[in-house]
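Welcome! Open your viewer, switch to a cartoon view, and follow along one selection at a time.

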Amino acid sequence: MAKKQKRPVKFDFKPFSEQQRRLIHWWRPVVRYSSNDIVIADGAIRSGKTIAMIIGFLTWSQEMFSGQSFILAGKTMGALKKNVVRPMLQMLEAWGWPYTYIRSGTDARIEIGSNVYYLYGANTEASQDALQGLTAAGAYADEAALFPQNFIDQMIGRCSVTGAKVWMNCNPDSPHNYIHEEFLVPEKAKKKKVYHLHFTMDDNLTLSPKVKEKYRRMWAVGSVFYKRFILGLWVAADGLIYQQFADNVKDYLVTSSWLLECDERKQLKNEIMYAVIGVDFGGTKSAHSFTLTGFTKGYKQVVVLDEWYCKKRINPAQLQEAFIDFVKRAKAKYRVLEAFCDSAEQTLISGLEMACMQAHVGIDIRNAIKGPINDRIAFYNSLIAQHRWKIMKHCKHTIEAFEQAVYDDKKKNQDVRLDDGLMNVDSLDSCEYSTESIQNDILYIAA
Ligand SMILES: Nc1ncnc2c1ncn2[C@@H]1O[C@H](COP(=O)(O)OP(=O)(O)OP(=O)(O)O)[C@@H](O)[C@H]1O
Ligand SMILES: [Mg+2]
């Protein structure tokens, strides 16, 4: 028998700001902006864009259409379910609107009244293929600046029913991002009938001054991240990627005595609860790199504890030997259960796995997630701004790699990290692989 689905709790509606109300009601025929075809809500993190857009989209689609199909898209299917579907179902519960949620399979969807809302993750080929057959009366794109361009084009192309509207929200990115260049630059916005609503954290009345302050402290004032995520501006990134670190390297370096520091109650302040290994494999021009990153209680501090770096050409047996040494050294001091490895090299990964088994070294070897580099860059910049990142002094390659990393000035305004064979991006990669699986928990839960 199918497991009974647990009903979501009812959404706890709080008063809406004026900007949120604009986003909820702009489509109503009496409103002068309703002649637009597209609405884009951009701006600061946590500014109430998603919530208001869900309400607007639901009421618009239900009041204006019946028997139609709609697109609900997120950066990934997981992100869509967490950020959009979850609050949406909670709202439906609160309003008492009956619905059916088919959560899995190729046509995951929500049926409300006679309308059907199909769910898509913009990052997968399968989603893009699935979109192709659809005729829709509207689309909702959450975090649209992170979608591939062809998904956005497809999505808009599918909205061919008379009166169809496209709803998109996002945090700003580079001014050369497709969303900015194609929909927000004034002449394009006019031509494509885009209604643009800019949000700041003050447009979310549920945030207390203290919480807003906490979010502001997540980024260094003046940094590209502060400008984008707090001020909500479309600005380019250039120069040093980890500017604040490069300017104050010493503030972030520690030795093992730091791990033994006690508070006034004689409790260890910076005890490492567990540690994770990141592995980047070298090629003809790049180096092999291992990073061991440790986490203190509640993810308060993230600490690069050890590294291994080898630019020489070595054979797989030598690589395995180095890895086993590294894991043994790490396990002698810390609780280490996982290693995330560059997934492009499956043969090397199985080699490490075999070697560890033979040597009786217990470690779970997994594929690195290899998500967007810019998410990883934003993550480390936030930790640096919050002084929650440390590096052991002896990890010279990691220190140098973070100090010198720059954006590629040949790819201006595209936020591309320079990887010219001379820069050490290998230490950055292995470092990032070691934290990527828990990046969001570290930032948002512990912040
Ligand atoms: N009127 C409201 N009633 C209840 N909760 C609200 C309201 N407005 C905003 N919130 C809450 O504020 C938080 C942030 O809102 P939301 O997720 O819409 O912001 P966002 O601008 O989409 O943020 P991000 O850019 O980080 O995705 C959420 O937890 C949301 O539930
Ligand atoms: Mg959002």
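Keep in mind from the start that this is a predicted model.

**Stop 1: the surroundings of ligand 1**

Begin with ligand 1 and show the side chains around it. By class, its shell holds five nonpolar, six polar and four charged residues. Which residues come nearest to ligand 1? Of the 15 around it, they are Lys14, Ile45, Lys49, Thr50 and Ile51. Now colour helix H2, residues 49-64. With three residues, H2 gives the most to this shell.

**Stop 2: the eight-stranded sheet**

Next, look for the open sheet built from eight strands, with mixed pairing. If you walk across it, the order is S3-S4-S5-S2-S6-S7-S1-S8. Which strands are at the edges? They are S3 (99-102) and S8 (194-199), each of which pairs on one side only. Between neighbouring strands of this sheet the turn is 15 degrees on average, direction ignored.

Zoom in on S3 and S4 (residues 109-112): the two run antiparallel and are joined by four bridges. Select Tyr99 here, and you will find it opposite Ile112 in S4.

Now add the helices that pack on this sheet. Helix H1 (residues 18-25) touches strand S1 (38-43) and S8, and its direction makes about 155 degrees with that of S8. H2, which you coloured at the ligand, also packs on the sheet. Its contacts there are with S1, S2 (69-74), S4, S5 (115-121), S6 (138-142), S7 (165-170) and S8. Compare the directions of H2 and S7, and you get about 170 degrees.

**Stop 3: helices H4 and H5**

Select residues 125-132 for helix H4 and 149-158 for helix H5. Their axes are 10 Å apart and the packing angle is about 20 degrees, so H4 and H5 are roughly parallel to each other. Their crossing is left-handed. To see the contact, show Gln128, Leu131 and Gln132 on H4, then Asn150, Phe151, Gln154, Met155 and Arg158 on H5. In this contact of H4 with H5, three residues are nonpolar, four are polar and one is charged.

**Stop 4: the seven-stranded sheet**

Move on to another open sheet, this one of seven strands, again with mixed pairing. Its order is S9-S15-S12-S11-S10-S13-S14. The edge strands, each pairing on one side only, are S9 (253-254) and S14 (364-367).

Pick out S10 (residues 272-280) and S11 (residues 288-296), an antiparallel pair joined by eight bridges. Which residue in S11 does Ile277 stand opposite? Select Leu292, and you have the partner.

Then show helix H13, residues 316-333. H13 lies across S10, S11, S12 (302-310) and S13 (336-341), and runs at about 155 degrees to S12.

**Stop 5: from H13 to H14**

Stay with H13 and add helix H14, residues 346-358. The two pack with their axes 9 Å apart, at an angle of about 55 degrees, and are therefore oblique to each other. This crossing is right-handed. On the H13 side, show Pro316, Leu319, Gln320, Phe323, Ile324 and Val327. They meet Leu348, Gly351, Leu352, Ala355 and Cys356 of H14. How many charged residues are there in the contact of H13 with H14? There are no charged residues, with nine nonpolar and two polar ones making up the contact.

**Stop 6: helices H16 and H17**

For the last stop, select helix H16 (residues 396-404) together with helix H17 (residues 425-435). Here the axes are 8 Å apart and the angle is about 100 degrees, so H16 and H17 are roughly perpendicular to each other. Turn on the side chains of His397, Thr398, Ala401 and Phe402 in H16, which meet Ser427, Leu428 and Cys431 in H17. The contact of H16 with H17 divides into four nonpolar and three polar residues, with no charged ones.

Technical notes: Residues numbered from 1 in each chain as written. Chains lettered and ligands numbered in written order. Predicted model: local features only at pLDDT ≥ 70, side-chain atom pairs only at ≥ 80, totals over all residues. Pairing = 2+ DSSP bridges. Contact = placed C-beta atoms within 7 Å. Axes fitted to C-alpha atoms, helices over the stretch in contact; angles between N-to-C directions. Near = placed C-beta within 6 Å. Nonpolar A, V, L, I, M, F, W, Y, C, P; charged D, E, K, R; others polar. Parallel < 35°, antiparallel > 145°, perpendicular 65-115°, else oblique. Left-handed = near helix turned anticlockwise from the far one by under 90°.
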